[in-house]
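Subject: Structure handover

Hello,

Here is the structure for you to look through. My notes on what was found follow below.

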Amino acid sequence: MSQQQQQQAHIEELKRHFENVRVVRQTSSETLLQVEHMNPDRGYTLVLYVALDSKFPRTPPTVAYFGGRKVPITAVGADNSTSGEWNPTTSRLVDAVAVAFSNLANLWGSAAPPSMEQIANQLEALSDSMLEDIISNPNCLESYAYQLPFLKSIRDASGQTIDDIERVAKENLTLEPEVEGLRKEVDDLQQRLDAQLSVLKKLQASTPLLDAVSSPEALAKTFAADVLTLDKQCEDIAKKLLAVDCNADRRRFDDLLEEYRKKAKERHIMDLKRRAYHASLN
C-alpha cells in the first residue's frame, strides 16, 4: 500500500468514527481536516483541525483548535506527562484524534471553547459601525468580548471553582478540631503500644521459655534438647550407680537406682511428647 493510500485509509476510518469530517484544504504537501465531535460528558460540540503532511503516517498528525493552539494527541497525566507516542506502524489517526478531543475537553472543562463558525456568526450580526468601534476602540473590544458566550462560561466555571475551593476550605476548618483530636488519640495509642512492646520485650528477655515455644519449629527443637538433657542426666546417674559397691553401701546404691528409674521415666515421657508433637507437624 502506497503512502497516499495509507493516508486515505486513515482519513476514511476517521470519517467512519466521527460524523462530521471535512477536508478544509488539500495540497501536495499537506491535507487539513476539520473534525467535529459532540462530547457527551460535557454537553457541547468540539472542533479540531487535523493537519497531515506529505510524510504521514511516518510523521505524526498535528492537531489544533480554534486560534491555532496545538492539542496533544497522547494521553496527558495529572503531572502533564504524556504517554503513547505516535508509532508509524501501529498508531491510528482515529485514536490520536479521539485522545486530542479528550485532552481538549479536559483543558476547557465545563466551558465550551469557541469555534470559528460561532465567532463568524456573532460578528456577522454586528453593524459596520460597531465592527469599526471594536477594531478601533480597545474599550469596545473589551466590552464586546466580555459578553461572548464562551467567556461568560469561563467566568461561571471560574466562579464555581472558587465556590468549591471556599466550601472545601470551610469544611477543612470545621474538621480541623476533630482531626486534631484524632491525631492526639493516635499519638496516645502509639505511646501505649510502644510501652506494651517494651514490656513484652523485657518479659521475653527474662523468660527464655517464650523464645523456646515461639514457633512450631522452636518447640520441636526444645523437645529434642530436653530429651538430650535427660539422656545426659541418666548417663551421669548410671555412672555414679556403677561406681557404688552394692555390698558396702546398699543405701547409696538403692537411692541412685531409684533416682535413675525416675529420671529414665521422665526421659521416656519427654521422648513420647517429642515424638507425638513431631508426628502432629507432618
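To start with one pair of strands: β3 (residues 44-53) and β4 (residues 62-65) run antiparallel and are joined by three bridges. Within that pairing, A51 has T62 of β4 as its bridge partner. Please keep in mind throughout that this is a predicted model.

The sheet

β3 and β4 belong to an open sheet of five strands, ordered β1-β2-β3-β4-β5, with antiparallel pairing. At the edges are β1 (20-26) and β5 (69-70), each of which pairs on one side only. Helix α2 (residues 93-108) packs on this sheet and touches β2 (30-39), β3, β4 and β5. The direction of α2 makes about 135° with that of β3.

At the β1 end of the order, β1 and β2 pair in the antiparallel sense, over six bridges. The connection between β1 and β2 is a hairpin of three residues. In this pairing V23 stands opposite L33, which is in β2.

Domains

The protein is divided into two parts: domain 1 covers 3-111 and domain 2 covers 210-281. How far apart do the C-alpha centres of domain 1 and domain 2 lie? The distance is 87 Å.

Two helices

Helix α4 (residues 128-136) packs against helix α5 (residues 138-146), with the axes 5 Å apart and an angle of about 110°. Since angles of 65 to 115 degrees count as roughly perpendicular, α4 is therefore roughly perpendicular to α5. On the α4 side the contact is made by D133, I134 and S136. On the α5 side the residues are P138, C140, L141 and Y144.

Salt bridges

The count of salt bridges comes to 15. Among them is the pair E30 and R25, whose closest N and O atoms are 2.7 Å apart. Both ends of this pair are partly exposed: E30 has a relative accessible area of 26%, and R25 is at 40% relative accessibility.

Another salt bridge brings together the side chains of D231 and R267, at 2.5 Å from N to O. This pair links distant parts of the chain, since D231 sits in helix α8 (residues 216-243) and R267 in helix α9 (residues 250-281), 36 residues apart. D231 counts as partly exposed at 29% relative accessibility, and R267 is partly exposed too, with a relative accessible area of 25%.

R267 also forms a salt bridge with D271, where the closest N and O atoms are 3.8 Å apart. D271 and R267 are four residues apart in helix α9, so about one helical turn separates them. Is D271 buried or exposed? At 7% relative accessibility D271 counts as buried, the cut-off for buried being under 20%.

These contacts are part of a network of salt bridges that links D231, R267, D271, R274 and R275. If you want one place to begin in the viewer, R267 is a convenient centre for the display, as it takes part in the bridge to D231 and in the bridge to D271.

Regards

Definitions and conventions:
Residues numbered from 1 in each chain as written. Predicted model: local features only at pLDDT ≥ 70, side-chain atom pairs only at ≥ 80, totals over all residues. Heavy atoms only, no water. Domains from an automatic or database assignment. Salt bridge = Lys/Arg side-chain N within 4 Å of Asp/Glu carboxyl O. Buried < 20%, exposed > 50% of the residue type's maximum accessible area, 1.4 Å probe, protein only. Pairing = 2+ DSSP bridges. Contact = heavy atoms within 4.5 Å. Axes fitted to C-alpha atoms, helices over the stretch in contact; angles between N-to-C directions. Parallel < 35°, antiparallel > 145°, perpendicular 65-115°, else oblique.
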